Number of protein chains: 2
Amino acid sequence: MTSDLPIISLGNIDEDGRSERKDAAANRKLILETAEALFAEKGVENVCMAEIAQAAGVGKGTLYRRFANKAELCLALMDTQMVEFQNRMLAEFRKMTVNRVPQMAQLEFFMDGLVHFTDAHAPLLSEVQSEGLLQERRSTEMPHFWQYMTVHGLFQTAIDAGELPQGLDTEYLADALLSPLMVDIFRFQREVRGFSLERISEGLRVLIAGLRHCVD
Amino acid sequence: MTSDLPIISLGNIDEDGRSERKDAAANRKLILETAEALFAEKGVENVCMAEIAQAAGVGKGTLYRRFANKAELCLALMDTQMVEFQNRMLAEFRKMTVNRVPQMAQLEFFMDGLVHFTDAHAPLLSEVQSEGLLQERRSTEMPHFWQYMTVHGLFQTAIDAGELPQGLDTEYLADALLSPLMVDIFRFQREVRGFSLERISEGLRVLIAGLRHCVD
DNA sequence: CAGATAAGCGGACTTGAGTCCACTTGCAAA
DNA sequence: TTTGCAAGTGGACTCAAGTCCGCTTATCTG
């Protein structure tokens, strides 16, 4: 059942299904490339929107027409890599399922991949998540959305397969298991606590493993 | 061993141990009262710093000398209630320990209390946490600090008491267990997912219960 | 091809955060 | 009591975010 996990992407389709005007599409590309270059040069958090607009040679109005804020811009920049990661994971899931690898092992594999993904994209993710989970806008495009769908899906399948007891609150558990990977906390653990990626993965593995036993 | 858990409070002692000048202390009090009133009237997120300064009849400079930002101001406003909560919990721990209540049950009790505490103070906590975990400044006064110390302490004691297997990464687990209570995620679960407090508590209970079994 | 028009564009403007600094005042030592 | 000065004060100023609105242009229709 892992095959119906969603792949989420922005694409360049407007909400109405209408595609952009040619000049607008060119500008979007220009802005994204300019932003990527500036981010690489000075670090994501040291680049402001006005600076991006100026470097791209467009007005602030244009920039904000395409991307309502820095979070959205950063989300667009991550889009390709997010889709790539999702595809890689889906391919692995398929392979593992063929090889009769238990769902819970697949979940551990996913979480481990996510730890590395989060680490690799921490600066962009910081901006993306600074917007907050609460904004309705674009919520289905937020990283948390597909991460949640994946974890939740794996939990459900694990229950169906008898790997987990029935009656677990998979909706809550999916959110809870993902919450230590929200960037704020993740970066805190990495930068202040000094945890290694392996240590974080192992910690999550322990949490996951525990679920197998406890129901009462 | 629960008796050496810390109680964290701001107090009105300067970092150098020097106490404030009388006029300054009066202003701090005035500012806190004004802010509290404005927050109650218009909601925490709808009140800006300039507004607080004006309503209190002081300049922005004065306001910012006392409180480096809105987060710090909100933290000061929560101070009393935080200390109260901590004391209530410590008292309960003592009582429970006398009655031979297992450490893990005490942890569940604490987490349940924390769920209610977080819910009750969500707006102020949102401001406090918007500062982010990463700022070194005042990190020991942040809610997460004493929450972490408490959970970590309970884990350790549980291990010493043989309730949990040795070798658990208690430092990681304390952070991880608390992370679904970071306001962003908590509010998301409450407001978007629509989870009840009971459901959240129960979910946490399941996570905690799992730890008893899994080590390998 | 011409005209209509929705989409796109740019930059001035508004708003709030936070800094700076010249001026004032409480307090303690002489 | 005077006086030195660290602490306190107020508000102008800087900086970035995000909005607004009058002008321009791609694209569609006749």
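User: How many nonpolar, polar and charged residues are there in the surface near DNA strand D?

Analyst: That surface divides into 5 nonpolar, 5 polar and 10 charged residues. Ala, Val, Leu, Ile, Met, Phe, Trp, Tyr, Cys and Pro count as nonpolar, Asp, Glu, Lys and Arg as charged, and the others, Gly among them, as polar. The model is predicted: local features need pLDDT of at least 70, side-chain atom pairs count only at pLDDT 80 or more, and totals for chains, interfaces and linings use all residues. Residues are numbered from 1 along each chain as its sequence is written, chains are lettered from A and ligands numbered from 1 in the order in which they are written, and side-chain values use heavy atoms, with hydrogens and water left out.

User: Which residues come nearest to DNA strand D?

Analyst: A residue is near a strand if one of its heavy atoms lies within 4 Å of it. DNA strand D has 20 residues around it, and A:Lys60, B:Asn27, B:Gly61, B:Thr62 and B:Arg65 come nearest. Of the strand D atoms within 4 Å of the protein, 61% belong to sugar and phosphate.

User: What makes the pair of B:Asn27 and DNA strand D a polar contact?

Analyst: A polar contact is a pair of N or O atoms within 3.5 Å; within protein, one must be able to donate a hydrogen and the other to accept it, and residues adjacent in sequence count only if both atoms are side-chain atoms. A side-chain N or O atom of B:Asn27 is 2.4 Å from a phosphate oxygen of strand D, so the pair meets the cut-off. A base oxygen of strand D lies 3.1 Å from a backbone N or O atom of B:Gly61.

User: Which contacts does DNA strand C make with A:Thr62, B:Met49 and B:Lys60?

Analyst: The side chain of A:Thr62 has an N or O atom 2.7 Å from a phosphate oxygen of strand C. A polar backbone atom of B:Met49 is 3.1 Å from a phosphate oxygen, and a polar side-chain atom of B:Lys60 is 2.4 Å from a base oxygen. Helix H1 (22-42) and helix H3 (60-66) of chain A, with helix H1 (22-42) and helix H3 (60-66) of chain B, are the elements giving two or more residues to this surface. Helices (H or I, at least four residues) and strands (E, at least two) are DSSP runs, numbered from the N terminus. H3(A) gives the largest share, 5 residues.

User: Why is the relation of chain A to chain B called a two-fold axis?

Analyst: Chain A is laid on chain B by a turn of 180° and a shift of 0.0 Å along the axis, with an RMSD of 0.0 Å. That is the relation of a two-fold axis. The C-alpha of A:Gly210 is the one in chain A nearest the axis, 1.9 Å from it. The superposition is by least squares on C-alpha atoms of residues with pLDDT of at least 70 in both copies.

User: What makes A:Arg199 and B:Glu171 a salt bridge?

Analyst: A salt bridge is a side-chain nitrogen of Lys or Arg within 4 Å of a carboxyl oxygen of Asp or Glu. The closest N and O atoms of A:Arg199 and B:Glu171 are 3.3 Å apart, so the pair qualifies. Chain A and chain B have 6 salt bridges between them.

User: How many residues does each chain give to the contact, and what area is buried?

Analyst: Chain A gives 36 residues and chain B gives 36 residues, contact meaning heavy atoms within 4.5 Å. The buried area, the accessible area (1.4 Å probe) that two parts lose on being put together, summed over both, is about 3300 Å². Carbon and sulfur atoms give 66% of that area.
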